[in-house]
Amino acid sequence: MNWGSAFVFCCFWLLVKVDASSRHRLPHDPCDLSFQRRPESLRSDQMTVLINGYSESRIPLLLSIAASYSASPVVAAVLVLWGNLRTPPWLLSELSRNLSAASLGTAQISLVPQSSSSLNARFLPRPLAIETRAVLICDDDVEVDAKSVEFAFRVWGSNPDRIVGMFGRSHDMDLVRKQWIYTVHPDRYSIVLTKFMLLKTQYLFSYSCGSGPVGARMRKVVDEMANCEDILMNFVVADEINAGPVLVGAERVRDYGDARNEGGSSEKRDEVRDAGLSRRRGEHRKRRGHCIREFHKAMGRMPLRYSHGKMVNSVGEQGLCIKGGKLVFCDQFLS
């Protein structure tokens, strides 16, 4: 190879490297106020879906879930935020093509390679890509029926300042140890998970760019723990509005990553289930309790607020009547 050919080859190699890395970067500072859109300029009749993707073994499931969201009339666009930096370029290209082709409606599905594997990146403001007042943050292993997605969006429309979700958890005070803990209560909740989290687009900026050194300290906790970004978003919103989230019921929610799944192919089930971060069960609840304590320490206060009850997409009869010798709901027809 002569010097001229070598020079051309080197330049070409550098251009390929720059192009490959540029795909993983936002074209601007996500916290630059000059790029942020005014809320009134965003559409309120639809939402943007942000699906967090990481596991290559879950790509077939991811394609199915993304396609399902794209078919909803309340979805303007679907962005798949890919956080696995080790995924080879050829697979990213193939995934991008398959996602684009998978759309079942007018909503376009786009792959967005992340510049970092940080869980904080799922809450980065994306003013050039998000044109709606609401965003749905969700995981790549949770499938929600279309009717329930639309219902959750209507509930958010009536509560636009609050987080709306389907998976509730709680904070509490351990009176023996005198410390905050992460738990589940049957009658109240103060946290909703990013398995399905619907919220105002402005909160992405509040999470990623707000609260100065305190916010930076809390986001650092998320990076150190590789966990708790959902808890921190609940902290951020509750601190801003002094109210808890809203829980909605669904007709059908399939959580493929839940450790309690049984049946089917054990090899494939374990592969999908074990890919989830929250599958590190042993210390999972303790680690999330640690996050709550660190966030509380950084803020100097506990902003989380309890909510009670659940919004359901049904106003069926509650009275009971005797029919056919059985006590049933009065509007129930017996065959």
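Two exercises with worked solutions follow, both on a predicted model.

**Exercise 1. Helix packing**

Task: Determine how helix 2 and helix 3 are oriented towards each other, and which residues form their contact.

Solution:

1. Helix 2 covers residues 59–70 and helix 3 covers residues 89–102. Their axes lie 9 Å apart and make an angle of about 30°.
2. Angles under 35 degrees count as roughly parallel; helix 2 and helix 3 are therefore roughly parallel to each other.
3. The sense of the crossing between helix 2 and helix 3 is right-handed.
4. On the side of helix 2, the contact is made by Ile59, Leu62, Leu63, Ala66, Ala67 and Ser70. Helix 3 contributes Leu91, Leu95, Asn98, Leu99 and Ala102.
5. Sorted by character, the residues of this contact comprise nine nonpolar, two polar and no charged.

**Exercise 2. The surroundings of strand 10**

Task: Establish whether strand 10 is mostly covered or exposed, and identify its pairing with strand 4 and with strand 6.

Solution:

1. Strand 10 spans residues 196–200, and five of its five residues are buried. A residue counts as buried when its relative accessible area is under 20%; strand 10 is accordingly described as mostly covered.
2. Strand 4 (residues 132–139) runs antiparallel to strand 10, and five bridges join the two. Within strand 10, Leu198 is the residue opposite Leu136.
3. Strand 6 (residues 164–165) also pairs with strand 10 in the antiparallel sense, through two bridges. Here Gly165 has Met197 of strand 10 as its bridge partner.
4. Strand 10 thus has antiparallel pairings with strand 4 and with strand 6.

Technical notes:
Residues numbered from 1 in each chain as written. Predicted model: local features only at pLDDT ≥ 70, side-chain atom pairs only at ≥ 80, totals over all residues. Heavy atoms only, no water. Axes fitted to C-alpha atoms, helices over the stretch in contact; angles between N-to-C directions. Helix = DSSP H or I, 4+ residues; strand = E, 2+ residues; numbered from the N terminus. Parallel < 35°, antiparallel > 145°, perpendicular 65-115°, else oblique. Left-handed = near helix turned anticlockwise from the far one by under 90°. Contact = heavy atoms within 4.5 Å. Nonpolar A, V, L, I, M, F, W, Y, C, P; charged D, E, K, R; others polar. Buried < 20%, exposed > 50% of the residue type's maximum accessible area, 1.4 Å probe, protein only. Pairing = 2+ DSSP bridges.
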